[in-house]
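Student: I'd like a close look at one part of this model rather than a tour of the whole thing. Could you stay with a single residue at first and then work outwards from there?

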Amino acid sequence: MAEAKTLDPGDTVRVTLVKPRHGDVEYVCRVVFDDGTHVVVRGIWAEPTDRNLGFARFEPGDVFTEHYWRDRWYSVKEVRGASGELKGWYCDVTRPARVEDGELVSEDLDLDLWVSADRTTVLRLDEDEFSQRGLDERDPSAAAQARRALDELAELAVDGFERIAV
């Protein structure tokens, strides 16, 4: 098996979130860390306006430190306001990330987890979208992996994701 191509800290990388139901999302981040398995990138909220999710508001200037793995079925995004205050963590259940031609690719599987900065709020999100996607019928193994990933994220949330820190 070929060794994974790593990204160099300090370089920029295009992150592509593959979202079959809603259209892909692409943005540029700076590489913080890549050991061949765990990739960390950091970037500024790229949208020109706020996005109010009800439980959190993402705003221009927010800083996202995003953790991806080539061997795990999720990503973890730490969200901080422009002044540095921790807002919380937004986690996506995904297929393992890939690095292709200097691009970081993550395929979203519709299950998400939000954890507030004080960890008093842990929300499992979009379970209805996940069910509607039909992954249980088309790829039962991937559906089971996705559910296990959501449970693992909930466990990691207990200590504020300290076990994933670089």
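Let's start with Cys91: is Cys91 buried or exposed? And what can you tell me about its surroundings?

Tutor: Keep in mind that we're looking at a predicted model. Cys91 is buried, with a relative accessibility of 0%.

Is its sulfur in a disulfide? The closest cysteine sulfur to that of Cys91 belongs to Cys29, and it sits 16 Å away, which is too far for a bond. A disulfide needs the two sulfurs within 2.5 Å. Cys29 is buried as well, at 3% relative accessible area, but the distance rules it out as a partner, because its own closest cysteine sulfur is the one in Cys91, at 16 Å. The disulfide count for the model comes to 0.

What Cys91 does have is nonpolar company. It belongs to the largest nonpolar core, which has 23 residues, and it is listed with Tyr74, Val76, Val93, Leu153 and Phe161 as the members that touch the most others. Strand 7 (74-80), strand 8, strand 10 (103-116) and helix 3 each give two or more residues to this core, and helix 3 supplies the largest share, with 8. As a general background, nonpolar side chains in soluble globular proteins tend to be buried together.

Val76 gives you a good view of that neighbourhood. Setting aside its neighbours within four places in sequence, Val76 is in contact with Cys91 itself, and also with Thr65, Glu66, His67, Trp69, Trp89, Tyr90, Leu153, Phe161 and Ile164. A second core lies apart from the one around Cys91; it has 13 residues, including Val13, Val15, Tyr27 and Leu104.

Two names on the Val76 list, Trp89 and Phe161, also meet each other. They are one of the 9 aromatic pairs found in the whole structure. Their rings are tilted, with 5.4 Å between the centres and 50 degrees between the planes. Trp89 lies in strand 8 and Phe161 in the segment after helix 3, so this pair ties together parts that are 72 residues apart in sequence. Trp89 is buried at 6% relative accessibility, and Phe161 is buried at 3%. Phe161 has a backbone quirk too: its phi is near 65 degrees, a positive value in a residue other than glycine. That stands out because most residues other than glycine have a negative phi. Asp126 also has a positive phi of about 65 degrees, but it is partly exposed, at 27% relative accessibility, and sits in the loop between strand 11 (122-125) and helix 1 (127-133).

Next to Cys91 in the chain you'll find Tyr90, which pairs with Trp114. This pair is tilted as well, at 6.5 Å centre to centre and 45 degrees between the planes. It links strand 8, home of Tyr90, to strand 10, home of Trp114, 24 residues apart. Tyr90 and Trp114 are buried, and they belong to a cluster of ring pairs that also takes in Trp45, Phe55, Phe58 and Phe64.

Now follow strand 8 (residues 86-94) for its charged contacts. Lys87 forms a salt bridge with Glu59, with 2.7 Å between the closest N and O atoms. Glu59 lies in the loop between strand 5 (57-58) and strand 6 (63-69), and the two partners are 28 residues apart. Lys87 counts as buried, at 18% relative accessibility, whereas Glu59 is partly exposed, at 29%.

Past the other end of the strand comes Arg95, whose side chain meets Asp139 in a salt bridge at 3.5 Å, N to O. Arg95 sits in the loop between strand 8 and strand 9 (98-100) and Asp139 in the loop between helix 2 (135-138) and helix 3 (140-157), so the bridge ties together parts 44 residues apart in sequence. Arg95 is partly exposed, at 23% relative accessibility, and Asp139 is partly exposed too, at 27%. A network of salt bridges links these two with Glu107, Asp110 and Arg133. Across the model, the salt bridge count comes to 16.

How values were computed. Residues numbered from 1 in each chain as written. Predicted model: local features only at pLDDT ≥ 70, side-chain atom pairs only at ≥ 80, totals over all residues. Heavy atoms only, no water. Buried < 20%, exposed > 50% of the residue type's maximum accessible area, 1.4 Å probe, protein only. Salt bridge = Lys/Arg side-chain N within 4 Å of Asp/Glu carboxyl O. Helix = DSSP H or I, 4+ residues; strand = E, 2+ residues; numbered from the N terminus. Core = buried A, V, L, I, M, F, W, Y, C linked by side-chain atoms within 4.5 Å. Contact = heavy atoms within 4.5 Å. Phe/Tyr/Trp six-rings, centres within 6.5 Å; stacked < 30°, edge-to-face > 60°.
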